[in-house]
Every structure is written in C-alpha cells, then in structure tokens.
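Visitor: Please pick one part of this model and go through it closely, contact by contact. After that, follow the connections outward to the parts around it.

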Amino acid sequence: MAFDYKKEYKDFYMPKNKPSIVKIPKMNYLAVRGKGNPNDEFGEYKKSIALLYAIAFTIKMSYKGSYKIDGYFEYVVPPLEGFWWQDGLKNTIDYNNKDGMCFISLIRLPDFVSKEDFDWAISEATKKKKGDYSKVEFLTYDEGLCVTCMHIGSYDLEPQTIELMHNYMKENDYELDINANRYHHEIYLSDPRRVDVNKLKTVIRHPIKRIK
C-alpha cells in the first residue's frame with residue numbers, strides 16, 4: 001500500500017476543527033511563487049498548480065523509468081499547500097482584495113527526494129511535456145511552532161476560524177509570529193471543483209512564539 005502522508009502525520013494534515021498547538025519539522029517542498037487573484041482562471045495561481053503537479057508526478061512515477069531515486073518508496077502525492085500574504089499588511093489578509101494576494105504554492109516532497117533528483121525531474125518534465133518549469137523551486141522550510149485548526153467551508157469565511165485560533169493562542173501564552181519568513185499557511189484537503197463550498201476542508205496554520 002502506498003504511503004499516505006495525510007494518514008501517517010494526522011497532527012500535521014488532519015487536525016480537529018478546534019485549535020491546537022503543533023511543531024512542524026523541517027521539510028522539503030516543490031514551490032512556485034506568484035501574485036494575483038487565486039480565482040482567476042488564467043492567473044498565476046492556477047498556473048502554479050499545474051507546474052507543481054507536473055513535477056510532483058514526474059518524481060512519483062520515476063520508478064517506472066530508468067532513473068532511480070535512492071530510498072524511493074511508493075507514496076500518495078501530498079496535498080496542495082499555500083503560503084499567503086499581502087504587501088503592506090501585517091498579521092492579516094484582506095479577503096476582499098484578492099488581486100493583491102501574494103503566494104507560494106507548495107507540494108511536500110518525500111524526504112528521499114534530493115536536490116539532484118529535483119533537477120532531474122525538471123529536466124525530464126521539460127523534455128517530455130515540452131513546458132517551461134523554470135519557476136518551480138526546491139524549497140527547504142522549517143516552519144516550527146504553529147497554532148492550527150481545520151476550517152470547514154468557504155475560504156472567505158476563514159477569518160472566523162482564525163479568530164478561534166488566535167484566541168486559543170493567547171489563552172496558552174503564545175503570540176502571533178507572522179513575518180517576512182513565516183506565513184499564513186493553508187493546506188487544501190478538498191478539490192473545490194468537486195466538493196460543495198460549504199464542505200471544503202482546509203488546514204490553517206499560523207506561526208507563533210511564546211510570550212516573553
């Protein structure tokens with residue numbers, strides 16, 4: 001049976017719909033940076049998703065070809081994730097100004113995938129799919145201490161869940177630590193093309209630190 005990160009790391013990918021504190025270890029990701037309305041059918045965000053999945057599946061299916069990744073095991077491609085912020089705003093996002101959203105789209109890489117393997121996948125996808133994958137990065141990110149919660153429903157209603165998270169954070173002697181290197185983080189467990197908007201499941205994480 002293929003290794004499924006969502007099932008094996010439930011604290012990271014399947015939190016309850018009540019806030020909790022979690023420490024996220026250093027991980028490697030496929031990443032694409034961009035800006036603009038994520039709902040724009042022809043915008044940078046939708047293009048970033050296509051780029052990520054092309055490389056993610058090139059790596060996943062590598063075992064069927066001549067290129068062999070040391071330590072490879074069969075796995076389910078982890079869910080799409082995203083870091084989000086808006087220039088000029090601190091500790092918040094204006095959900096009514098989607099055109100001003102900046103993002104880093106992400107898909108987690110298994111630990112056995114090296115930078116060398118990533119470079120091979122970019123070259124392989126470029127050759128076979130005849131596309132430009134130069135925007136895809138190999139990103140190492142150490143997220144650290146976060147408050148997290150499962151949000152169920154529309155993305156535009158996330159502030160309701162975030163308020164619960166921030167209240168819980170303060171009650172437990174933590175403060176928000178969003179900055180230039182730590183982001184509002186979302187993990188998408190539902191496909192909005194197939195799931196009713198009221199049933200969408202999105203993991204939200206915010207970086208925190210102890211109040212001194």
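**Strand β7 and its surroundings**

Guide: Val147 has His206 as its bridge partner in β7. This is a predicted model, so what follows describes computed geometry. The pair belongs to the ladder between β4 and β7, two strands that run antiparallel and are joined by seven bridges.

β7 covers residues 201–210, and β4 is not the end of its pairing. Strand β6, residues 184–188, pairs with β7 in the antiparallel sense over four bridges. Within that pairing, Ile187 is matched with Val203 of β7. Strand β5, residues 174–176, is also antiparallel to β7, with three bridges between the two. There the bridge partner of Glu175 is Lys209 in β7. As for burial, seven of the 10 residues of β7 are buried, so the strand is largely enclosed by the rest of the structure.

From β7 the route outward goes through β4, which spans residues 137–152 and is part of what covers the buried residues of helix α4. That cover also includes β1 (20–35) and α3 (44–60). The helix itself runs from residue 115 to residue 129, 15 residues in total. Its first and last C-alpha atoms are 21 Å apart, close to the 21 Å expected at 1.5 Å a residue. The buried residues of α4 are Asp117, Phe118, Trp120, Ala121, Ile122, Glu124 and Ala125. An α-helix has 3.6 residues a turn, so residues three or four places apart point the same way.

After α4 comes Lys130, in the loop between that helix and β4. Lys130 has a positive phi of about 55° although it is not a glycine. Most residues other than glycine have a negative phi. At 71% relative accessibility Lys130 is over the 50% cut-off and therefore counts as exposed.

Tyr133 brings α4 into the picture again. Setting aside neighbours within four places in sequence, Tyr133 is in contact with Ile122, Ala125 and Thr126, and also with Leu51, Ala54 and Ile55. Ile122 and Ala125 are among the buried residues of α4.

Tyr133 is also among the residues with the most contacts inside the largest nonpolar core, together with Leu30, Ile55, Ile59 and Val136. That core has 60 residues. Its largest share, eight residues, comes from α3. In soluble globular proteins, nonpolar side chains tend to be buried together.

The β1 side of the cover can be examined through Asn28, which lies in that strand. Its relative accessibility is 17%, under the 20% cut-off, so Asn28 counts as buried. The side chains of Asn28 and Thr140 are joined by a polar contact of 2.7 Å. Not counting residues up to four places away in sequence, Asn28 touches Arg108, Leu109, Val113, Phe138 and Leu139 as well as Thr140.

One further loop residue deserves a note on its backbone. Asn91, in the loop between β2 (80–86) and β3 (101–108), has a positive phi of about 65° and is not a glycine. Asn91 counts as partly exposed because its relative accessibility is 33%, whereas Lys130 counts as exposed.

Definitions and conventions: Residues numbered from 1 in each chain as written. Predicted model: local features only at pLDDT ≥ 70, side-chain atom pairs only at ≥ 80, totals over all residues. Heavy atoms only, no water. Expected span 1.5 Å × (residues − 1). Buried < 20%, exposed > 50% of the residue type's maximum accessible area, 1.4 Å probe, protein only. Contact = heavy atoms within 4.5 Å. Core = buried A, V, L, I, M, F, W, Y, C linked by side-chain atoms within 4.5 Å. Pairing = 2+ DSSP bridges. Polar contact = N/O pair within 3.5 Å; in protein donor to acceptor, adjacent residues only side chain to side chain.
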